[in-house]
Amino acid sequence: MEQVRMAVQIPLLAVDGGGTKCVAMFVDERGNLLGAGRSGSCNYQSVGQAVVKQELISAIRDALHEYEAMGDRSESSSIVVECAVFALAGLDTDYDREIISFFVQEVLAELNIKVDQLIIENDGLAALLGATSGKAGVLVIAGTGSIVFGINGQGERTRVGGWGHIVGDEGSGYWIGKKAIIAILYAEDGRGKPTRLSEWIFPHLDVKNSEELFNWTYSADATIDQIAGLQKLVRTAYLAGDEVSKELLEAAVQELFLGVSTVIKKLGLVDSPFTIILQGGVLENGDFMRELLIEKLQKLAPLSQLYTASNEPIEGIIALGLSVLKDS
């Protein structure tokens, strides 16, 4: 007679599906890691629904396999998760939520996972809610793209930016990289100041002159990530004394500050204590930009406090899930 295998109960599944990578973790009610998995981009607007679905399946399946291996368990016929938090890039509108909710349900069904409480949020908003435990806070993300989220003491939420590389993402890595290319072409035309940016960007892209840079920019090689990666070379040129690079980074900070200050004013936080969280490679690695933005924010909102913990976004998402479990 075939042995009936019981469903395994797991307190929490946390998924951080960003534009670059996906991290999935099974966690117990005390926050202890039970299993983790990683995969690629989960922004359906960039890579499509089918790709995101497979990336989610891959990350969650790897986390499940690690959980089973750590517990010396055989594969179970089904998994019951008390709470699952999916924090996914690309969730910006009600239309996005409808699409994402549909393929998340497909992912769970394919993996034979039943979820009692399912939470689907934008990856940035979920990280903010987790890091602040629902208290007043503002999250600034400046990586490949950029976006600002905020929540006040009354639970009111708002966001600014995040409209993508074509019409938004001001102050992001992509925005800086694009502006660097423009600065080189302006200098070539004589419309802009001379710049040393080409000393680093030309060899990095394996081009010899502005014409080849132009050809590269309109080729298939000029992906969003490739252009965003040029922001590191802008910082190098700035450190070497290039005035155009300095002005470009200052302009990026001003764009980010405009977004943050708008969120702060919308939520009535100018004269209130709240937490500021800075995330993304542009702010985590760019000391000049980070310090300049902090200086501007402290002048605008003197009661704000910088969140200095070096937690990964997934930790904020786990914290959000644990708070939901605690209240349920």
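This passage describes the overall build, the nonpolar cores and several individual residues of a predicted model.

The protein chain contains 14 helices and 10 strands. Its C-alpha trace spans about 85 × 50 × 35 Å along the principal axes. The radius of gyration of the protein chain is 22 Å, which agrees with the value near 20 Å for a compact globule of 328 residues. Of these 328 residues, 50% count as buried. When contacts between residues at least 6 apart in sequence are considered, 68% join residues at least 24 apart. The accessible surface of the protein chain amounts to about 16000 Å², and carbon and sulfur atoms account for 49% of that area. The protein chain carries 27 positive and 44 negative charges, and the mean positions of the two groups are 4 Å apart.

In soluble globular proteins, nonpolar side chains tend to be buried together. In the present model, the largest nonpolar core comprises 50 residues, of which Val138, Ile176, Leu197 and Ile201 touch the most other members. The most to this core is given by helix α11, spanning residues 243-266, with 10 residues. A second, separate core holds 34 residues, among them Ala24, Leu88, Leu108 and Ile120. Within the largest core, Ile201 is one of the residues that touch the most other members. Apart from neighbours within four places in sequence, Ile201 is in contact with Ala180, Ile184, Leu213, Leu230 and Leu233.

Leu233 also belongs to helix α10, which covers residues 231-239. In this helix, Gln231, Leu233, Val234, Arg235 and Ala237 are buried. The elements that cover the buried residues of α10 include α6 (173-189), α7 (197-205), α9 (224-229), α11 and α12 (281-285). Just after α10, Gly241 adopts a positive phi of about 100 degrees.

Two further residues, one in a strand and one in a helix, were examined individually. Gln279 is located in strand β9, residues 274-279. Gln279 has a relative accessible area of 12% and is therefore buried, since buried means under 20%. With residues up to four places away in sequence left out, Gln279 touches Leu139, Val140, Ile141, Ala142, Glu284 and Pro313. Lys266, by contrast, lies in helix α11 and counts as exposed because its relative accessibility is 54%, the cut-off for exposed being over 50%. The contacts of Lys266, without neighbours within four places in sequence, are with Thr158, Arg159 and Val160. Lys266 and Cys83 are separated by 183 residues in sequence and, from C-alpha to C-alpha, by 32 Å in space.

Positive phi values also occur at residues that are not glycine. Asn112 has a positive phi of about 60 degrees although it is not a glycine. This residue is placed in the loop between α3 (94-110) and β5 (113-122). Asn112 counts as partly exposed because its relative accessibility is 39%. Asp169 likewise is not a glycine, yet it has a positive phi of about 60 degrees. The loop that holds Asp169 runs between α5 (164-167) and α6. With a relative accessibility of 10%, Asp169 counts as buried.

Terms used. Residues are numbered from 1 along each chain as its sequence is written. This is a predicted model: local features need pLDDT of at least 70, side-chain atom pairs count only at pLDDT 80 or more; totals for chains, interfaces and linings use all residues. Side-chain values use heavy atoms; hydrogens and water are left out. A nonpolar core is a set of buried Ala, Val, Leu, Ile, Met, Phe, Trp, Tyr and Cys residues joined through side-chain atoms within 4.5 Å. Buried means under 20% relative accessible area, exposed over 50%, partly exposed in between (1.4 Å probe, protein chains only). Helices (H or I, at least four residues) and strands (E, at least two) are DSSP runs, numbered from the N terminus. Contact means heavy atoms within 4.5 Å. The radius of gyration is taken over C-alpha atoms; the globule rule is 2.2 Å times the number of residues to the power 0.38. Accessible areas come from the Shrake-Rupley method with a 1.4 Å probe; for residues, only the protein chains shown count as cover. Lys and Arg count as positive and Asp and Glu as negative; His and the chain ends are not counted. The place of a charge is taken as NZ of Lys, CZ of Arg, CG of Asp or CD of Glu.
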